[in-house]
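Me: Please take a close look at one part of this model, the lining of its largest pocket. Then set that part within the chain as a whole, going through the rest with the same care.

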Amino acid sequence: MCAGASQRELIERGVRELRFARERLFGSAPEALAAAIRAVVALETNGSPGDVALTVLGVPPSQVVVPWEEATIGGFAATRILEGTALRRIAARVAPLWPPGPTCSGAP
């Protein structure tokens, strides 16, 4: 478990050089970012972060991608609930969420 926004290189090195299985190394900062994005989506929809299911891909903060076509809110497709303007507002709020602070939790 690597807790910190700057631990990506440590995880990559562990996999490449030390040959640890990728599934055995875990970074908490990306999970905290995903939790923060779920919270932003919940605010946008006046809902609960627990109702938001999404995947966050890429390297934060500038290369974060959320595949909205696969995301759900309360079991419904996020693209049916969120309009284009809402998606742009959410996208504008993603970069400032990185790095997550020491009190963030990736738990939904």
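Reply: Helices and strands are taken here as DSSP runs, a helix being a run of H or I with at least four residues and a strand a run of E with at least two, and both are numbered from the N terminus. The model is a predicted one, in which local features need a pLDDT of at least 70 and side-chain atom pairs count only at pLDDT 80 or more, while totals for chains, interfaces and linings use all residues. Residues are numbered from 1 along each chain as its sequence is written, and side-chain values use heavy atoms, with hydrogens and water left out.

On this basis the chain has four helices and five strands, which follow one another along the sequence as α-α-β-β-β-β-β-α-α. Its C-alpha trace spans about 45 × 25 × 25 Å along the principal axes.

The part you asked about is an open set of points on a 1 Å grid over the protein atoms alone, where a 1.4 Å probe fits and protein lies on both sides within 12 Å along at least five of seven lines; a residue belongs to the lining if it has an atom within 4 Å of a point. The largest pocket has a volume of about 620 Å³, a volume being the space filled by probe spheres set on the points, which are joined across faces, edges and corners. Its lining holds 24 residues, and those nearest the centre of the pocket are Arg8, Ile11, Gly27, Pro30 and Gly58. Three elements, α1 (8-16), α2 (28-45) and β2 (57-59), each supply at least two lining residues, and α2 gives the most, with five. Sorted by class (Ala, Val, Leu, Ile, Met, Phe, Trp, Tyr, Cys and Pro as nonpolar, Asp, Glu, Lys and Arg as charged, the others, Gly among them, as polar), the lining has 14 nonpolar, five polar and five charged residues.

Helix α2 also takes part in the largest nonpolar core, to which it gives the most residues, six. Such a core is a set of buried Ala, Val, Leu, Ile, Met, Phe, Trp, Tyr and Cys residues joined through side-chain atoms within 4.5 Å, where buried means under 20% relative accessible area, exposed means over 50%, and partly exposed lies in between (1.4 Å probe, protein chains only). This core has 18 residues, and those with the most contacts inside it are Ile37, Val41, Leu54, Trp68, Ala78, Leu82 and Ile90; the elements that give two or more residues to it are α2 and α4 (84-94). In soluble globular proteins, nonpolar side chains tend to be buried together. Val41 touches Val52, Leu54, Trp68, Ile73, Leu82 and Ile90, leaving aside residues up to four places away in sequence, with a contact meaning heavy atoms within 4.5 Å.

For the chain as a whole, 28% of the 108 residues count as buried, and residues 24 or more positions apart account for 50% of the contacts that have a separation of 6 or more. The exposed area is about 7,100 Å², of which carbon and sulfur atoms supply 54%, as computed by the Shrake-Rupley method with a 1.4 Å probe.

At the start of the chain, Met1 lies in the segment before α1 and counts as exposed because its relative accessibility is 68%. Even so, Met1 touches Phe26 and Ser28, again without residues up to four places away, and the C-alpha atoms of Met1 and Phe26 are 4.9 Å apart although 25 residues separate the two in sequence. By contrast, Leu10, in helix α1, has its C-alpha atom 38 Å from that of Ile81, with their positions 71 residues apart along the chain; at a relative accessible area of 48%, Leu10 is partly exposed.

Some features of the backbone remain. Most residues other than glycine have a negative phi, and most peptide bonds are trans. Arg19, in the loop between α1 and α2, has a positive phi near 60°, and at 69% relative accessibility Arg19 counts as exposed. Asn46, in the loop between α2 and β1 (52-53), has a positive phi near 55° and is likewise exposed, at 75%. A cis peptide bond with omega of about 0° joins Pro60 and Pro61, and Pro61 sits in the loop between β2 and β3 (63-65). A cis bond also joins Trp98 and Pro99, with omega of about 0°, and Pro99 lies in the segment after α4.
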